[in-house]
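This report walks through one structure, from its strands to a core and a pocket. Please keep the sequence and the 3D view open while you read.

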Protein chains: 2
Amino acid sequence: MKVLTKKTDYAIRALLTLAASRGRYVSAKTISEEQDIPYQFLRGLLQELIRLELIVSKEGAQGGVMISRDPDEISVKQLIEGFQGKVQVSECMFRKQICANRANCVLRHEIMRIEQVVNAEFDKITIGSLLRNLEVIQGHVQPAV
Amino acid sequence: MKVLTKKTDYAIRALLTLAASRGRYVSAKTISEEQDIPYQFLRGLLQELIRLELIVSKEGAQGGVMISRDPDEISVKQLIEGFQGKVQVSECMFRKQICANRANCVLRHEIMRIEQVVNAEFDKITIGSLLRNLEVIQGHVQPAV
DNA sequence: GGAACTGATACTATATTAATATCAGTTAAA
DNA sequence: TTTAACTGATATTAATATAGTATCAGTTCC
Ligand code: FES
Ligand code: FES
């Protein structure tokens, strides 16, 4: 079972690059090279991020995309939902047998608990937190201004 | 994000039927009709369950398959792993940037925690526990002998 | 005007999942 | 002893999701 698709993975990485360059427009070409993401695939993905209102773009020479939110407000959960849909264990297991009694279905309760845990965990992980971890690991910590 | 594939879903349902008929051989046809699972698809799936040693079969007329384990010892986790492979969040996110320092990667730690929680939860849900829930819901509880 | 960009969209390739089809061999029982 | 009800094994197709490519129009900066 794979939880993150490549698209989500790429989106996270693109946002990391953008978060590290806040306030500046970065071209798709640059991101593509820096993160080793196929150019055209990235282009499409960036347009989705624009629709999700996580980044904004500027056309023309010297244009590109720029992150438009506080990186701490962008969670991996949002990205998973945006690109892969909500975490859902099974549309509804055992339809025939149980679903007549959904409200009382114990299984359903347990499954929803799992979903909640997964969502809560992915909600904790943000672009901001990831970036800080990256910086710590790579020794690129910038002194607070 | 879909956690259970149809195959896993079908397998669980087939095992529920078999658990409800412990000690008897049930034909694929019967299971197929009872659980509304495409016959040939079910056939293949049952052969996998045999390989996983969760059921045994008997050929010929009056043959079929029979559950060969205590239903409480068959967890949804085992089935997911058998049919879909281990739960894995991402083969390894951010390869380029972090994987040079895997041991210290905070992200990796968080992700592994999520995996553990999901696995632990699915490990708690067994064919036995599901069947009991079903019986309670449907009012088919058999008095203990 | 031309190079460096994004917007929009259409297309192809690959992988995974889901479903079917076929035929040989086994067993029970009429 | 034949036949209907079964599984074993395997091949094939269909449907869907994911991943990646290509093209062209329009914008902006120099
Ligand atoms: S699985 Fe559908 S209500 Fe329980
Ligand atoms: S994601 Fe690979 S080590 Fe952190």
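Which residue in strand 2 of chain A stands opposite Val56(A)? Met66(A) does. The model is predicted, so local features need pLDDT of at least 70 and side-chain atom pairs pLDDT 80 or more, totals for chains, interfaces and linings use all residues, and side-chain values use heavy atoms without hydrogens or water. Residues are numbered from 1 along each chain as its sequence is written, chains are lettered from A, and ligands are numbered from 1 in the order written.

**Chain A**

Chain A has seven helices and two strands. Helices are DSSP runs of H or I with at least four residues, strands are runs of E with at least two, and both are numbered from the N terminus. Along the sequence the pattern is α-α-α-β-β-α-α-α-α. Of the 145 residues, 48% count as buried, a term that means under 20% relative accessible area; exposed means over 50%, and partly exposed lies in between (1.4 Å probe, protein chains only). Contacts (heavy atoms within 4.5 Å) reach along the chain: among those in chain A with a separation of 6 or more, 64% join residues 24 or more positions apart.

**The hairpins**

Strand pairing requires at least two DSSP bridges between two strands. The table sets out the pairing in each chain.

| Chain | Strands | Bridges and sense | Bridge partners |
|---|---|---|---|
| A | strand 1 and strand 2 of chain A | four, antiparallel | Val56(A) and Met66(A) |
| B | strand 1 and strand 2 of chain B | four, antiparallel | Val56(B) and Met66(B) |

In chain A, five residues lie between the strands, and Gly60(A) in the turn has a positive phi of about 80 degrees. The chain B hairpin also has five residues between its strands, and Gly60(B) takes a positive phi near 80 degrees.

**The core**

A nonpolar core is a set of buried Ala, Val, Leu, Ile, Met, Phe, Trp, Tyr and Cys residues joined through side-chain atoms within 4.5 Å. The largest has 73 residues. Those that touch the most other members include Leu79(A) and Leu79(B). Beyond four places in sequence, Leu79(A) contacts Thr8(A), Ile12(A), Leu15(A), Leu49(A), Leu54(A), Ile74(A), Gln84(A) and Ile127(A).

In chain B, Thr8(B) sits in helix 1 (residues 6–19). Thr8(B) is buried, at a relative accessible area of 0%. Not counting residues up to four places away, Thr8(B) touches Leu79(B), Ile80(B), Phe83(B) and Gln84(B).

**The second largest pocket**

Pockets are found on a 1 Å grid over the protein atoms alone: a pocket is an open set of points with protein on both sides within 12 Å along at least five of seven lines, and lining residues have an atom within 4 Å of a point. The second largest has a volume of about 300 Å³; points are joined across faces, edges and corners, and the volume is the space filled by probe spheres set on them. Of its 17 lining residues, the closest to the centre are Ala28(B), Arg43(B), Lys58(B), Gly64(B) and Val65(B). Helix 3 of chain B gives the largest share of the lining, five residues. By class, the lining has six nonpolar, seven polar and four charged residues. Here Ala, Val, Leu, Ile, Met, Phe, Trp, Tyr, Cys and Pro are nonpolar, Asp, Glu, Lys and Arg are charged, and the others, Gly among them, are polar.

Ala28(B) belongs to helix 2 of chain B. Ala28(B) is buried, with a relative accessible area of 12%. Leaving aside neighbours within four places, Ala28(B) contacts Tyr39(B), Leu42(B), Arg43(B) and Leu46(B).

Technical notes. 1 Å grid on protein atoms, 1.4 Å probe; cavity = no way out; pocket = protein on both sides within 12 Å on 5 of 7 lines; lining within 4 Å.
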